[in-house]
Amino acid sequence: MLQGAVVRLQTILATIQLQGKIAIATASSGLAATLISGVRTIHSTFKVPLNLTQYDLPICSITKGTSLARLIKEYCAIIVDGAPMSNKLVFEALDITDKDEIIWGIATLLCGDFRQILPVFVAEQEQIL
């Protein structure tokens, strides 16, 4: 992440905290998490399984009524840095987990460098190129 982006994320978090609210910043990878102080990976924060392809229906290990679930309900915002580099199954796991409405209604900011994503070409399109 660029230095300017780190400053913007820290400003957003500080503004939310000055209002007396709780926001959590997470990152898609451990490397991205080291760029902002106090940030953990999305896998660590929301108990997302590391190998999502092993599961037909990946879910997070957050149980309704636990201290983690109660803490998450207090969040007014979730910021995910490096979101474009995350596997879509991470966000599907969060969505499936939300059947218990643990994360429901929390504003989520997905950020990162969207220019790092490689284009996806279907087989027919490759012949045209």
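H43 is in contact with S28, V48, P49, L50 and V90, when neighbours within four places in sequence are set aside. The residue belongs to helix α3, which spans residues 42-46. Because the limit for burial is under 20% relative accessible area, H43 counts as buried at 18%. The model described here is predicted. The points below turn to its sheet, to the helix that lies across two of the strands, and to a nonpolar surface patch.

**Sheet architecture**

- Four strands make up an open sheet, and their order is β2-β1-β3-β4.
- The pairing within this sheet is parallel.
- Strands β2 (40-41) and β4 (107-111) are the edge strands, each pairing on one side only.
- In general, the strands of a sheet pair through backbone hydrogen bonds, in either a parallel or an antiparallel manner.

**Strand β3 and its partners**

- Strand β3 covers residues 75-81 and is joined to β4 by five bridges, with the two strands running parallel.
- Within this pairing, A77 has A107 of β4 as its bridge partner.
- I78 stands opposite T108, which is also placed in β4.
- Strand β1 is joined to β3 by six bridges, and these two strands likewise run parallel.
- In the pairing of β1 with β3, the bridge partner of A25 is I79, a residue of β3.
- Six of the seven residues of β3 are buried, and the strand is therefore largely enclosed by the rest of the structure.

**Helix α4 against the sheet**

- Helix α4, formed by residues 67-74, lies across β1 (22-27) and β3.
- The helix runs at about 95 degrees to β3.

**Nonpolar surface patch**

- M85, F114 and I117 form a nonpolar patch on the surface.
- Together, these three residues have about 310 Å² of accessible area.
- F114 is located in the loop between β4 and α6, the latter comprising residues 123-128.
- The relative accessible area of F114 is 52%, and since exposed means over 50%, F114 is classed as exposed.

**Burial and exposure in summary**

- H43 in helix α3 is a buried residue at 18% relative accessibility, whereas F114 in the loop between β4 and α6 is exposed at 52%.
- Strand β3 has six of its seven residues buried, and this strand is bridged to both β1 and β4.

Terms used. Residues numbered from 1 in each chain as written. Predicted model: local features only at pLDDT ≥ 70, side-chain atom pairs only at ≥ 80, totals over all residues. Heavy atoms only, no water. Pairing = 2+ DSSP bridges. Contact = heavy atoms within 4.5 Å. Axes fitted to C-alpha atoms, helices over the stretch in contact; angles between N-to-C directions. Patch = residues over 30% accessible without salt bridge, like charges linked within 9 Å, V, L, I, M, F, W, Y side chains within 5 Å. Areas by Shrake-Rupley, 256 points an atom, 1.4 Å probe, with all protein chains shown as cover. Salt bridge = Lys/Arg side-chain N within 4 Å of Asp/Glu carboxyl O. Buried < 20%, exposed > 50% of the residue type's maximum accessible area, 1.4 Å probe, protein only.
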